[in-house]
Amino acid sequence: MRSIRAADLAVMRVMAIGTVLLTLAAYAPALHGEFLFDGVSEIRENSAIRTLWPLQRPMFEGGRLPHRPLPYLSFAVNYRLHGLEPLGFHLTNLVIHVLNGLLATAVVGLILRASRPQAVQQEGGPSPWLVSWIIVTLWLVHPLCTQAVSYVYQRMELMAATAILAALFCHLRSQHGWSYWAGLSLAASGLGMACKETAVVIPPLLILTSWLVIERPADDTTLSRWRLLPAVLWRRRWYWLGHFAMWGLVLAIVLGQRSRFGELAAPRWSPLEYLANQPRSLERYLALAFWPRGQCLDPNWGSLSLPEQWRELVPGVAACTGLVVAFLACLSRAPTAAFAIGSFLMLLAPTSTVLPVNDLCMEHRMYLPLLPLVALTVGVLATRLWAAGRSWSAGPFVGIATTLGLLLVLAGVTWSRNHVYASGIAMWSDVLAKQPTSGRAAINLATAFIDAGLEAEAIDVCRRRLAAKPALATTDRANLHLVCGRALAAIGAPTEAVGEIAESIQLNPKNPEAFLEQGYCLVGRDPAAAAAAFQQVLTLQPGHAAALNNLAGLLAGRQPEEALQLMRRAIASEPENVEYRCNAGRLLQGLGRHDEAAAMFRSAAVWARTPAQQRQLRRAVPEGSS
């Protein structure tokens, strides 16, 4: 990097500023977007991220999905800074995305310099840093990155990519032997394992980099390239072992949360079935990379029944086979191209081979694999255009105009796509339009309508999907009846609401949320039946804070001591919940235990989010209490 001229460095700074501004503009429509999909349970409704200490609470507690420790800790930092205001969460994701762009620019530039492609060696050839800037800018504004950036919960994908790029950058700087760069690479590898399991790709990716980018065989033959691999492995064996040892962190994190991983607790697919369906995922990823139309947050694919539907797999199998053949063919003639193909396949491998992840295909998995794919495409086109431009004076200008035009087109498509992230209604309307048979999309759209106060629209969505063909899975039908009942209760139709909720319970009698909604509907009409419903919630989920709070409210007049015990359990489940602490304080006041009541109101004031709430709670402290 020291060889960059001052004039080139000034131009690069201008280009970097332009890239950042273009990226910000492309993602602007999503900056105030709501929490979507898993972001609801893992961020908006996750009480554990509302405290930073002890660290294990935000990193491993709360929510319902497997925790990736560092991303969840970052959610807690966001909450500490600005509560649940989505803008701060979105800005953090966007900053990480831009940071990844800076790292990627350095990584791609170092790879291009190290590989010394023929076009770069020619006098007057394109600068590797210019080519790197083009590659990374195209990647930053590509619409296929939107799901990882604008869907806040997928910050773990962004942070894992940061760790992978940082480990790769430090590895490229370390070259041979041990240095502080090698140590930094190991540290980045360890941090990546705490971001997402896909970071397990770091050790093999670094080996691939040394084999195809840094090291050179005695002669340019495929056999010599393969003979070089054992030497690469042996020369830095302790360094590689250090990286592979980081897999122990992933293993500990996964095994420590085994019950949260649906892939382990109740897998939807066998490894062989998952592998058989991945060619069509690869086909979709490649199609969206080159023609980003029809993007969908939740494709919710089902498994193909083989061999009846084998024809749907043919394009994906052909694409996968072609990539493998191209990788082998490029080993000796174009090792940089082989590295791009190999890294693309390697980065996809954790989620696109035999590990039976519950969702067969999700766009955010293409976030970092898209980078080598863009690099390969740009590298081929840049070499061809420069070769043609040497005999055509207008060649460079055509190349510049084409690049700028493509950047603006991609940024415009990304800007348009980000509008669907602006609200839950916009997103789930988009998903349901593309997946009209999806029960999950209908459930989420109806829930978004309820959150927006549009209960009639929510009821319409539920009933239309329940009546439509094909029939839904039992769990989806139960959830649609539950959401419909919730909407009916909100518009003042309790009888119909109870009927819908009863239908939901009949279909899925092990869902505590259905019994909770039943209790809400019955509180004013039949307190005894409501108490029985809340008790059923606690039978299914003993620490359910909302059920404990509501059951305590029903018992407060007749059995205040028992109600107080229930409230203490609710507070233990959600210690930051101000409402629960206030309810416990009122119970203590009623029992004449004024000092304890005062302590409870003071603790509620500590957790209050605004000064006005804190003042109000301090005024609630009984006079004369110590």
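Buried, on this tour, means under 20% relative accessible area. Keep in mind that you're looking at a predicted model.

**Stop one: Cys462.** Select helix H23, residues 455-467, and pick out Cys462 within it. Its relative accessible area is 0%, so Cys462 counts as buried. Now show its contacts: leaving aside residues up to four places away in sequence, Cys462 touches Ala446, Leu480, Val483 and Cys484. While you're here, draw a distance to Arg477: that residue sits 15 positions from Cys462 in sequence, and the two C-alphas are 9.1 Å apart.

**Stop two: the largest cavity.** Time to look for empty space. Across the whole structure there are 3 cavities of 30 Å³ or more, and the largest holds about 100 Å³. To see its walls, select Glu157, Ala160, Ala161, Ile164, Thr198, Leu347, Thr351, Arg365, Leu368 and Pro369. Colour helix H9 (residues 155-174) next; with 4 residues, H9 gives the largest share of this lining. Colour by class and you'll get 6 nonpolar, 2 polar and 2 charged residues around the largest cavity.

**Stop three: the second largest cavity.** This one has about 40 Å³ of space. Select Tyr27, Ala30, Leu31, His90, Leu94, Val149 and Ser150 to bring up the lining. Which helices each supply at least two residues here? Highlight H5 (86-115) and H8 (146-150), and you have them. Switch to colouring by class once more: the lining of the second largest cavity shows 5 nonpolar and 2 polar residues, with no charged ones.

Definitions and conventions:
Residues are numbered from 1 along each chain as its sequence is written. This is a predicted model: local features need pLDDT of at least 70, side-chain atom pairs count only at pLDDT 80 or more; totals for chains, interfaces and linings use all residues. Side-chain values use heavy atoms; hydrogens and water are left out. Buried means under 20% relative accessible area, exposed over 50%, partly exposed in between (1.4 Å probe, protein chains only). Contact means heavy atoms within 4.5 Å. On a 1 Å grid over the protein atoms alone, a cavity is a set of points where a 1.4 Å probe fits but cannot get out, and a pocket is an open set with protein on both sides within 12 Å along at least five of seven lines; lining residues have an atom within 4 Å of a point. Grid points are joined across faces, edges and corners, and a volume is the space filled by probe spheres set on the points. Ala, Val, Leu, Ile, Met, Phe, Trp, Tyr, Cys and Pro count as nonpolar, Asp, Glu, Lys and Arg as charged, and the others, Gly among them, as polar.
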